[in-house]
Amino acid sequence: QVHLVESGGGLVQPGGSLRLSCAASGFTFSSYVLSWYRQAPGKERELVATISDTGNTRNYADSVKGRFTISRDNAKTTVYLQMNSLKPEDAAVYYCKAIGKTGATMYTYWGQGTQVTVYS
């Protein structure tokens, strides 16, 4: 059974930092591309960052470049999102997503989300 479990969300003041984690199980983590998305109330879910299966390639939304860092530990089957210099507009529910192949079939898995609140 596949599980993606996010953690690390919480309350933080503007300028603060949080580190999100997404622990995965039930699939071949090391061969999947991992991403973080976020969704604020009344807005569509948006892509924040993506990391390749090897971790060699990372891409970020323009709004978070230079402030957020995505990383992965294939041995721990966990993907991280280090968020620095947080702004009120970063407040959202953050989701991790895994996409890849098992055998000949492409699968997409989502976590349940973790809330990030940025307040003054």
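1. Before the pairings, one working rule: two strands count as paired if DSSP finds at least two bridges between them. With that in hand, strand 1 and strand 3 (residues 18-25) clear the bar, running antiparallel over five bridges. Keep in mind throughout that this is a predicted model.

2. The overall make-up is quick to state. I get zero helices and 11 strands for the protein, so to speak a run of β-β-β-β-β-β-β-β-β-β-β from the N terminus on. Among contacts between residues at least 6 apart in sequence, 53% join residues at least 24 apart.

3. On dimensions, the C-alpha atoms fill a box of roughly 50 × 25 × 25 Å along the principal axes. The radius of gyration is 14 Å, which agrees with the value near 14 Å for a compact globule of 120 residues. Buried residues account for 42% of the 120. The accessible surface comes to about 6300 Å², and carbon and sulfur atoms own 48% of that.

4. Now the sheet I'd look at: four strands, open, in the order 1-3-8-7, with antiparallel pairing. Strand 1 (3-7) and strand 7 (68-73) sit at the edges with a single partner strand each, so each has one side without a neighbour in the sheet. From one strand to the next the twist averages 15°.

5. At the strand 1 edge, the register can be read from glutamate 6, which stands opposite cysteine 22 in strand 3. That cysteine comes up again in point 7.

6. At the other edge, strand 7 pairs with strand 8 (residues 78-83) in the antiparallel sense over six bridges, and aspartate 73 stands opposite threonine 78 in strand 8. Four residues lie between the strands of this hairpin, and threonine 77 there takes a positive phi near 45°. In a regular strand, side chains alternate between the two faces of the sheet. Strand 7 has Phe68, Ile70 and Arg72 on its covered face, while Thr69, Ser71 and Asp73 make up the uncovered one.

7. The disulfide count comes to one: cysteine 22 to cysteine 96, with S to S at 1.9 Å. Cysteine 22 belongs to strand 3 and cysteine 96 to strand 9 (residues 92-102), so the pair ties together parts that are 74 residues apart in sequence. The torsion about the S-S bond is about 40°, so this disulfide is right-handed. Both cysteine 22 and cysteine 96 are buried.

8. Serine 52 deserves a look. This residue lies in the loop between strand 5 (46-51) and strand 6 (58-60). Is serine 52 buried or exposed? Its relative accessible area is 14%, and buried means under 20%, so serine 52 counts as buried. Not counting residues up to four places away in sequence, serine 52 touches Val33, Thr57 and Arg72. Arg72 is one of the residues on the covered face of strand 7.

9. Last, glutamine 112, in the loop between strand 10 (105-110) and strand 11 (114-118). At 48% relative accessibility, glutamine 112 is partly exposed. Which residues does glutamine 112 contact, leaving aside neighbours within four places in sequence? They are Leu4, Val5, Glu6 and Tyr95. Glu6 is the residue opposite cysteine 22. As for tyrosine 80, 32 residues apart from glutamine 112 along the chain, the two C-alpha atoms are separated by 15 Å.

Methods: Residues numbered from 1 in each chain as written. Predicted model: local features only at pLDDT ≥ 70, side-chain atom pairs only at ≥ 80, totals over all residues. Heavy atoms only, no water. Helix = DSSP H or I, 4+ residues; strand = E, 2+ residues; numbered from the N terminus. Axes fitted to C-alpha atoms, helices over the stretch in contact; angles between N-to-C directions. Buried < 20%, exposed > 50% of the residue type's maximum accessible area, 1.4 Å probe, protein only. Contact = heavy atoms within 4.5 Å. Disulfide = S-S within 2.5 Å. Rg over C-alpha atoms; globule rule 2.2 N^0.38 Å. Areas by Shrake-Rupley, 256 points an atom, 1.4 Å probe, with all protein chains shown as cover.
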